[in-house]
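Reader: I have the structure open. Where do we start?

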Amino acid sequence: MKSKQEIEETLEKNRGTDFVIPMSWDVMFEQMFISKEVMPLLEYIISIFSNVDINDVKGKVKLLPNELRQNFAKDTRSKSDIIAEYFKDEKNTDKYIVEMNSSKKMPWRNVLYAYKVASGGISIANDKYVKTYDTILINFNNFHDSKHKFIRTITMRDEDGIIYDDSTIIYEANMAKAKDLSYNYTNKREEQIAIISRMLMAESSVELNKESNIIMNKKDTEKLVNRAKELSSDDEYIRLFDEEENYKELIRNTELAEAREEGIKLGSKETAIDIAKNLIKIGLTNEQIVETTKLSIAEIDKLRKED
C-alpha cells in the first residue's frame, strides 16, 4: 500500500495532485464501492433513492457477491457492478443493485439482472408463492439521453396504469442533467441525487470533496477522497483509463472526420440533419456539431429533443 506522499507524487507525475479517476468509469466505480471507505456513500445512495432517513440506513447495509446466477451455458457475463443488502428491520430486507452505465443498452441488460436477483427471493408458503425481499435497481446513466427527465421510477403496471408488482423497482438517474446549470430540480431528493451524480463524475479531488461535504460528514468525505486518490495513483488503473479515453477520442475524431467528408460531398440539408443525429448519439457538443454540419444551435437542440 502506498504512503500518502507516494500517492501525491504519483498523481503529480501523471495528471496533477488534484486528479482522480472519475467513478463514472466502470472499473473505478466497482473498485471504489467494494472499499469499506465508500460504504457511507452507498448508504446515502440507498437512503436518498428510497426516501429513507440516513440514520435508519447507517450500519444496516452489507455488500453481497456480484456474480449472478447463470441460466444458460452462454450466459457467461452475469455480473453486476454492486449488489447490497439493506436490513430494514427484523422482518424486512431489501436487495439493491447499483450500476454505472456508459451506453443505452446497459440499463436494459440491468433489468434482466434485477429480475435474476428478484427471482432468488421467491419462496412457497401455505401453497402460495411469496416474495421474501424487495429488489431495487439503481441505474446511473452516464450517456446522452434527451428523451427522459432527470430521475425515472419504473415499476410493473397493467394497461390501466395500476401497479401490478412493486416488489421490483427501477430508478434511473440521467447524470448529464446533474451538470446542466439550467435544469430545475423538482425537490430536495433530486438535488441530492444530482450531488451524488456530480461526485461520481468528478475528475478532481477538490470537486469530489466539495460535493461530498454537502451530504456527508467531514470524516467520511476525507476517507472517500483519500480512497479515490489512492486508486487514481495506481499505474495500471491510469493506463487502462487512458487507453479507454484515448480509444473513445479516436472513435469520436474518426466519426467526426467521416461526417465532415460526407457533408462536403453531399452538402444537402437532409444529409446535415442525418449527420447531426449521429454526432448527437456519440456525445458531441452543439459547437462541434455546428462546425461539422453548419446547422444552427436551434436546429440541433430540436434534434436532441427528438432523439
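**Charged pairs, strands and a helix**

Author: Start with aspartate 94, which is buried, with a relative accessible area of 6%. Buried means under 20%, exposed over 50%, and partly exposed in between (1.4 Å probe, protein chains only). The model is predicted, so local features need pLDDT of at least 70 and side-chain atom pairs 80 or more, while totals for chains, interfaces and linings use all residues. Residues count from 1 along each chain as written, and side-chain values use heavy atoms, without hydrogens or water.

Reader: Okay. Which residue forms a salt bridge with aspartate 94?

Author: Lysine 88 does. The closest N and O atoms of that pair are 3.6 Å apart. A salt bridge here is a side-chain nitrogen of Lys or Arg within 4 Å of a carboxyl oxygen of Asp or Glu.

Reader: And is lysine 88 buried or exposed?

Author: Neither label fits, because lysine 88 has 35% relative accessibility and counts as partly exposed. Its partner, aspartate 94, is the buried one at 6%.

Reader: How many salt bridges are there in the whole structure?

Author: A search of the whole structure finds 9.

Reader: Show me another. What does glutamate 99 meet?

Author: The side chain of glutamate 99 meets that of arginine 109 in a salt bridge, at 3.7 Å from N to O. Glutamate 99 sits in strand 3 and arginine 109 in helix 4, so this pair ties together parts that are 10 residues apart in sequence. Helices (H or I, at least four residues) and strands (E, at least two) are DSSP runs, numbered from the N terminus.

Reader: Where do those two stand on burial?

Author: Glutamate 99 is buried, with a relative accessible area of 0%. Arginine 109 is partly exposed, at 27%.

Reader: Which residue pairs with lysine 58 at 3.3 Å?

Author: That is aspartate 220. Their side chains meet in a salt bridge, with 3.3 Å from N to O. Lysine 58 is in the loop between helix 3 and strand 1, while aspartate 220 is in helix 7, so the pair ties together parts 162 residues apart in sequence.

Reader: What are the accessibilities there?

Author: Lysine 58 is partly exposed, at 32%. Aspartate 220 counts as buried, at 10% relative accessibility.

Reader: Which residues are linked in a network with that pair?

Author: Glu43 joins in. Glu43, Lys58 and Asp220 form a network of salt bridges.

Reader: New topic. What order do the strands of the open sheet have?

Author: The order is 1-2-3-6-8-7. The open sheet has 6 strands, and the pairing is mixed. Two strands pair if DSSP finds at least two bridges between them.

Reader: Which ones are at the edges?

Author: Strand 1 (61-64) and strand 7 (151-157). Each of these pairs on one side only.

Reader: How many bridges join strand 1 to strand 2?

Author: There are 4. Strand 2 covers residues 82-87, and the two strands run antiparallel.

Reader: What stands opposite valine 61?

Author: Tyrosine 86, in strand 2.

Reader: Last one. Which residues of helix 2 are buried?

Author: Met28, Phe29, Glu30, Met32 and Phe33. Helix 2 spans residues 26-33.

Reader: And what do those buried residues pack against?

Author: Three helices are on the list: helix 3 (39-49), helix 5 (188-201) and helix 7 (218-232). Strand 1, strand 2 and strand 3 are on it too. Contact means heavy atoms within 4.5 Å.

Reader: So helix 7 turns up twice?

Author: Yes. The buried residues of helix 2 pack against helix 7, and aspartate 220 of the salt bridge to lysine 58 lies in helix 7.
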